[in-house]
Structure formats: C-alpha cells, structure tokens
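Let's take a walk through this protein model together. Keep the structure open while you read, and find each spot as we get to it.

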Amino acid sequence: MSRSLAFVLNVPETPQDPEDSQEPSPYDESEVHDSFHQLIQEQSRWVAEEGLELQHRALGAGALGASGSDHQALLGPEGAPVYSTATLHILASMPSRTIAASTGRSRGAIISQYYSRTVRLRRRAGRPQLRDVGRSARPSLRLYDLELDPAVLEEDEKQGLLVKELQGLTVAQRDHILRGMPLSLAEKRCLREESRPPRGKRRAQGRHGLLSCCSRLRDSCILASHNLGLALLSGLQALMPWHYALKRIGGQFGSSVLSYFLFLKTLLAFNTLLLLPLLAFIVAVQAAFPPAPSGSAPAFRGLELLTGGGCFTHTVMYYGYYSNATLNQPCASPLDGCQCTPEAGGLPYNMPLAYLFTVGVAFFITCITLVYSMSRSFGESYRVGSTSGVHAITVFCSWDYKVTQKWASRLQHDNIRTQLKELLAEGQLRQRPRRACGRLQQAAVLGLVWLLCLGTTLVCALAVYTFSELVIQSRVSAERDGALLALPLVVCLLNLGAPYLFRVLAVLERHDSPVLEVYVAICRNLILKVVILGILCYHWLGRRVGTLKDQCWEDFVGQELYRLMVMDFIFTLLDTLLGELVWRLISEKRSQENGKPEFDIAGNVLELIYGQTLTWLGVLFSPLLPAMQIIKLLFLFYVKKTSLMANCQAPRRPWKASHMSTVFISLLCFPSFLGAAVFVCYAIWQVKPSNICGPFRTLDTMYEAGKVWVRHLEEAGPGVSWLPWIHRYLVESAFPIYLASALLLAVIYFNIQVVKGQRKVICLLKEQLSNEGEDKIFLINKLQRIYERKERSRVGRTEEAVMPPAVFTDDWDAQ
C-alpha cells in the first residue's frame with residue numbers, strides 16, 4: 001500500500017493523413033475542446049481495460065505458484081505491483097494518491113497529448129501563433145475536468161452553484177460574503193469575476209477597471225479607517241508599561257525573576273486604582289475650597305523630604321489639613337456655624353462624610369480587585385490539564401513567524417531557550433528517595449534553622465518594641481526633625497539585616513527544589529515583617545494616641561508612615577548597590593565567571609508587600625500616600641532592572657515559576673490587605689479623633705459622621721427618608737457583612753467545584769480517547785485477519801483450479 005500508483009497513458013500518435021488539413025484551427029475553440037474531451041475519455045477507457053487485463057494476469061501468475069507472503073502484492077509485467085479494482089479505488093481516494101493523480105503522470109500525459117495536438121495546429125501555414133491570439137480565442141482548459149477523481153467534479157459543481165447564488169445577490173452583499181470566505185485573494189477575485197453579470201463585465205471592461213468617484217471615496221475611507229485602527233493598536237501596545245523590558249527579563253533570567261517585575265506592575269495598577277477616588281472626592285475638593293490658614297507656614301529646608309513634616313504638614317498631604325465643613329460656593333462653614341442650604345446657591349458637600357465614604361469605597365474597590373486578581377491568577381496558574389508533550393509544543397509551536405526584526409528574533413530565541421531550561425529542570429526536580437538516617441538528619445537541620453530564624457524574629461520584635469517605648473519616654477518634639485528618623489531607621493536596619501541572616505541559615509538546609517527554597521524564605525521574611533508591623537500599629541494607636549492628646553496624632557501617624565516608606569526606599573537602593581554592585585565588582589576582580597549574585601526573589605517581593613502595606617495603613621491619615629508609592633515603584637522598577645542586567649546572573653538552577661504570581665497575590669490579599677483593613681476599621685470605629693484638626697474633630701469617633709448625616713436627613717423631611725433606611729440597614733447592620741462573606745465563600749466553593757468537575761471531565765475524556773484507540777486497533781486487527789483468510793481461500797481455489805489432473809493421479813497411486 002505504500003507504493004505509489006502510476007497511470008501511464010500511452011496514446012499512439014496517428015499517422016498524418018490528408019485529412020489533417022481538415023483539422024480545426026485554434027480559432028475554433030469548441031472543436032478543440034471536443035477533441036480534447038474525447039482524448040480524456042479514451043485515456044479513461046484504456047486505463048479501465050488495462051486494469052482488468054492486469055487483474056487477469058495477476059490471477060494467472062498466482063495460479064502458476066508465485067512464491068512469497070500472502071500480504072505481498074502480485075507483480076505484473078515489468079515487475080510493477082498489480083492491485084485489485086477495489087484496492088485501486090481505495091488508493092485513488094486517498095489524499096496523497098489524489099494529489100499524485102492530479103499533478104502526476106496521468107494529468108501530465110493528458111496535457112502532453114493535448115499540447116502535441118495544439119502544436120500541430122499552430123504549425124499550419126498562414127495561421128497566427130497562439131500567443132498572438134486573444135484570450136477569448138485561445139483553447140481554454142477551465143471548463144473541462146482533467147482529474148479522474150470524482151471529488152474534484154463534485155467540488156466544481158459546488159463552485160458552480162456558489163457562483164449562481166452569488167449572481168442572485170446585490171454587489172454589496174456579494175462583496176460582504178466574499179470577504180468572509182476563507183479563500184485566497186486570487187480565488188475571491190475569480191469568484192467575483194465569474195459571479196459578475198455579463199453586462200457588468202462589459203461595463204467594467206469598458207471602464208478599464210476605473211471605479212466611480214463614490215466607490216473610490218468609500219474605498220479610501222475604508223483603507224484610512226483600517227490604517228488608523230492598526231496605528232491605534234500599535235500605539236496601545238506601545239503604551240503598555242515596560243512591554244519590551246519584561247520580555248527581555250523573561251528571556252534572559254526566566255519566569256522566576258520575571259514574576260517579581262510582574263508583581264511590581266500589578267502593585268502599580270492597584271495604587272493607581274486606589275489614588276483615583278481619593279484625588280477626585282477628597283484632595284481635589286479640599287484644594288478647590290482651602291481652609292483658612294491657622295498661621296504662617298514654615299519655610300522649606302530640604303529635610304522635609306525625609307521626615308514629611310515642616311511645610312508639608314499644612315497641605316493636602318495629611319489628615320489635619322481637611323476641614324469639617326459643608327462645602328459649597330456661597331459659604332463654607334463648620335457644622336456648628338452657619339447653615340448652608342441648597343437655596344443659598346450650590347450643592348452642599350459634606351466633607352467629613354465624603355472623607356469617610358471615599359476611604360471606605362477605595363478599600364472596597366481594592367478588596368474586589370484583589371479577590372478578582374487572585375481568582376484569575378489561580379485559574380491561570382493551576383490550569384487543569386496534562387503537561388505531557390509540553391516540551392514538543394515549546395520546541396515546535398513557540399516561534400512567532402511574524403517576527404521580522406533582528407532584536408525581536410534574538411529576544412524570542414532567548415525566551416524559548418530559557419523556557420526549555422525551566423521545563424527540563426522541572427523534570428529533574430524529583431527528589432530521590434533517601435534513607436531513614438538522611439531524612440532524620442535533614443529534619444534536625446530544618447528544625448534547628450527554623451528555631452534560629454524564629455529566635456531572630458523575636459529579637460527584632462523586642463528591639464522595635466523597646467526602642468518605640470524609649471521614643472515615647474524621650475518625648476521628641478516636632479522641631480527636632482533628625483530625631484524623628486530614629487525609629488524608622490531602626491526598623492529598616494532590622495528589615496535589611498534579618499533577611500541576610502535567613503539566607504545564610506538557608507544554606508545549611510540544602511533544599512533539593514529551588515521553588516521550596518523560595519517559599520521558605522518568603523515565609524520567614526513574612527513572619528518578620530508582620531510582627532514588626534503589628535508592634536508599630538500598637539505603638540501608633542495604643543500608645544501614641546494617649547501621649548498626643550493636645551496634638552494632631554493623625555498627622556503624626558501619617559508622617560511616621562511617610563518616613564517609613566522613604567527610609568525603606570533608601571535602604572532598598574543601598575541594598576541594591578551594596579548587595580549586587582559591590583558583589584559583582586569583587587567577583588570580576590577575582591576573575592570568577594559565575595561569581596555574580598543571583599536575584600533575591602523572596603526578599604525583594606517581601607519588600608514590595610511591606611511597602612504596599614505601609615501605603616494601605618496610611619491612606620486614612622495621608623490621602624496622597626498612594627501617589628508616593630507610585631513614584632517609588634516607578635523608580636524601583638528602573639533601578640532593579642538596571643541592576644539585574646548589569647550585576648546579576650540567571651539562576652544557577654532554573655525553575656519554572658508557574659504559581660508564583662498566585663502566591664504573591666494571596667500574600668498581598670490576606671496578611672497585608674486584611675491587616676491594613678483591620679487597622680483602619682479599628683481607627684474609624686474605636687479611636688477618638690483629635691479635637692484640633694481633621695474633618696472629625698468634633699466627634700467621638702470617625703464613624704459618627706455617618707450618624708450625624710442620617711440625623712440631618714431625618715430632619716429634612718420624608719422625601720429623603722429612604723437614605724436613612726439604607727444607612728441603618730446596610731451600613732450599621734451586620735447583615736450585609738455576613739451576606740458578603742457568604743457570597744464570597746459561595747463563589748470560592750463554586751470555583752473549587754468547577755475545577756474539580758473540569759478535572760473529572762478531562763479524566764473521562766482521556767479514558768474515552770484511550771478506548772477509542774483500542775477500538776481502532778481491534779478493528780484493524782480484525783480486518784487484517786479477515787483479509788488474510790480471504791486471500792488464503794482465494795489462492796487455494798486458484799491453485800486447485802489450475803492444478804493438472806496428473807497430480808491427483810500420482811497422489812492416489814501413492815496412497
């Protein structure tokens with residue numbers, strides 16, 4: 001069956017007789033077509049007769065006792081294999097045989113015979129050559145089928161029906177249908193020409209292809225809009241932040257290092273989303289209606305950039321600048337002053353209520369975005385499916401053939417190479433079975449390292465708590481700006497030094513998997529930072545509120561968070577310079593090729609989470625703190641990228657960070673955002689605001705601003721009675737919280753069940769595919785046995801039919 005079927009069409013040339021002078025000329029196209037069609041019928045009839053003759057010869061050769069296997073095809077004259085008529089039909093219907101028949105010897109022989117006849121016609125004297133004749137007078141092969149395959153005839157019939165259907169449509173409908181067809185441009189042009197009515201063809205030929213003014217204008221508009229869309233798409237792709245930089249990082253350092261920069265990009269989006277409502281409803285409104293200045297503002301000295309105090313205190317940067325008035329155009333007075341009514345002009349804007357609800361809405365939007373991002377990241381990271389064949393897919397299907405630029409092809413080459421390294425390393429991470437003694441030794445080392453790490457965390461927590469108490473007892477004044485940096489300096493030193501100690505202790509563990517090593521480092525650093533932030537929150541709301549009764553403690557907490565953020569950024573830059581640049585210079589001086597440091601994913605990611613937690617903690621006391629975080633992230637991206645390219649090397653043990661983004665978002669959601677939300681809610685519901693500053697200066701708690709607003713609405717009349725009802729049953733009641741929690745749990749449970757159902761369905765589909773393969777093997781074996789049995793019976797009957805009677809006589813005599 002693997003041998004190709006060749007039809008050799010030997011058509012003898014008829015001798016030229018006087019009647020040749022009566023042959024039709026090339027101008028008589030119909031007669032030439034009739035002759036050519038007759039030639040095709042003769043070839044087909046000859047092939048059928050030759051097939052029957054070869055079949056009879058095969059039977060005769062089998063009767064003469066051809067040796068060989070039953071599966072071997074019988075040989076005809078000249079040693080060519082001879083098949084039955086049914087086999088020939090099956091071979092002819094195969095795709096490969098159809099292609100061979102359409103472009104092989106049979107078509108070539110027919111065209112050769114046709115060409116020989118047309119050449120004889122052109123040799124006649126007094127007739128012009130065929131190339132000098134117009135296209136309409138030339139012999140056309142389009143209307144006649146040269147293929148012997150009936151599938152081609154059926155396709156031509158379908159094409160004819162399609163042309164007839166297109167002819168019955170309008171020009172606009174015909175063009176719309178042709179544009180949507182999955183055909184080549186040449187085929188669409190051919191269908192358009194064939195479906196155009198004769199009058200339209202003559203008109204089109206008369207105009208020589210010139211379109212009317214309206215048609216040209218329409219085509220110009222379509223082309224312009226198409227080019228504008230392509231330009232906008234390219235512009236949108238260019239607006240994507242750090243698109244090329246992220247591709248370069250992923251190609252050179254792998255997905256593990258890339259996960260850090262993707263997480264930084266995600267934090268930038270979160271802070272932008274958090275900053276927009278604060279700017280729109282708090283900062284911009286208060287900047288448009290500034291309060292009366294309480295005194296002369298201090299001069300700028302430069303140290304305020306580190307401390308956040310000084311001239312920054314009396315700006316929209318901090319909580320104390322915002323008033324507790326109802327703002328509008330004609331009057332802006334406190335709540336206990338003049339009453340501003342809508343009749344006085346302008347729509348009243350309750351600043352305390354706007355401040356409270358804007359912060360609450362900003363946190364709610366952030367929570368929804370975090371939950372959505374976490375669920376989406378979970379769906380992308382833990383995809384249901386098999387990883388078998390991923391190496392072949394990466395090798396054969398990863399290259400983008402649309403890439404034409406040299407730098408883009410080099411970048412894609414590096415990316416595919418790094419992916420293959422990660423896939424191969426992931427397959428080699430299977431831990432070898434260890435003996436009981438080795439497992440006990442490893443467990444003892446792990447326990448000892450964990451005890452040392454937890455002890456270091458406890459020591460750091462005690463140091464922060466002790467130093468904070470010393471700061472409270474020393475009563476540092478606001479004029480001593482340098483002393484205000486003492487506590488942030490100690491906290492940043494501990495946050496910088498403890499992770500290095502953890503990395504040194506992690507060398508003793510010798511984890512087989514680099515993924516496990518990163519997860520352990522993240523867990524230890526997370527415990528350290530959570531404990532330190534917990535002590536600082538107690539220091540601010542538990543200790544500082546009591547000691548700063550006659551001052552604006554909200555401004556002090558906001559400035560403290562600002563100082564922590566600035567000092568954290570400075571220490572991150574120092575860590576980048578001292579930990580990466582100096583190490584690279586030392587390794588180059590020692591001529592060590594692999595002496596460059598690796599990028600610390602765990603430490604850098606935890607620094608990002610720590611900085612974002614500081615931002616969420618300070619939103620209530622400093623509405624512009626997300627803007628500071630955005631500026632910090634922008635600088636941090638370029639600093640880290642430059643240091644990574646210049647000072648770091650790719651991980652020595654490459655690994656695929658398939659779940660790292662999910663882990664980072666989960667840590668950002670539950671320990672970080674949840675802790676910040678609890679801190680802010682406690683400050684709103686339980687802590688008494690300052691009496692000298694801020695929008696809640698006359699209230700016992702910040703939450704009472706909503707109750708005051710409800711009381712005013714109840715006094716306004718029954719027209720707005722539904723607003724107090726909404727506040728009472730949706731804000732004050734605990735039922736919405738329980739309902740939201742129940743809905744969140746239901747969504748999580750539904751997603752888990754969907755994933756389980758997908759896994760079960762995929763397992764069933766795999767089993768069904770396996771059964772289908774076994775069914776095909778069974779049917780093939782069954783058909784093979786039936787074929788062998790029929791061949792044996794046919795060969796046996798043929799041998800009995802052609803065996804001479806003397807053989808039976810000799811056998812009878814012998815018995």
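Start with Ile365, which has a relative accessibility of 30% and so counts as partly exposed. Keep in mind that you're looking at a predicted model. Where does Ile365 sit? You'll find Ile365 in helix α12.

Ile365 also has some company: together with Leu273, Val361, Phe364 and Ile368, Ile365 makes a nonpolar surface patch of about 420 Å². Which helix gives this patch its largest share? That's α12, running over residues 351–381, which supplies four residues. Here's a handy bit of background: an α-helix has 3.6 residues a turn, so residues three or four places apart point the same way.

Now hop over to a loop. Leu303 lies between α10 (243–288) and α11 (304–307). Is Leu303 buried, partly exposed or exposed? Its relative accessibility is 33%, so Leu303 counts as partly exposed. Now look for Gly482: along the chain, Leu303 and Gly482 are 179 residues apart, yet their C-alpha atoms are separated by 8.3 Å.

Last stop: helix α19, residues 601–618. This helix has 18 residues, and from its first C-alpha to its last it reaches 26 Å, close to the 26 Å expected at 1.5 Å a residue. How much of α19 is covered? Mostly covered is the verdict, with 18 of its 18 residues buried. Before you go, check the N-terminal end of α19, which is capped by Asp600. A side-chain oxygen of Asp600 lies 3.4 Å from the backbone nitrogen of Gly603.

Technical notes. Residues are numbered from 1 along each chain as its sequence is written. This is a predicted model: local features need pLDDT of at least 70, side-chain atom pairs count only at pLDDT 80 or more; totals for chains, interfaces and linings use all residues. Side-chain values use heavy atoms; hydrogens and water are left out. Patches are made of residues with over 30% relative accessible area and no salt bridge: like charges are joined within 9 Å, nonpolar side chains (Val, Leu, Ile, Met, Phe, Trp, Tyr) within 5 Å. Accessible areas come from the Shrake-Rupley method with a 1.4 Å probe; for residues, only the protein chains shown count as cover. A salt bridge is a side-chain nitrogen of Lys or Arg within 4 Å of a carboxyl oxygen of Asp or Glu. Helices (H or I, at least four residues) and strands (E, at least two) are DSSP runs, numbered from the N terminus. Buried means under 20% relative accessible area, exposed over 50%, partly exposed in between (1.4 Å probe, protein chains only). The expected span of a helix is 1.5 Å times one less than its number of residues. A polar contact is a pair of N or O atoms within 3.5 Å; within protein, one must be able to donate a hydrogen and the other to accept it, and residues adjacent in sequence count only if both atoms are side-chain atoms.
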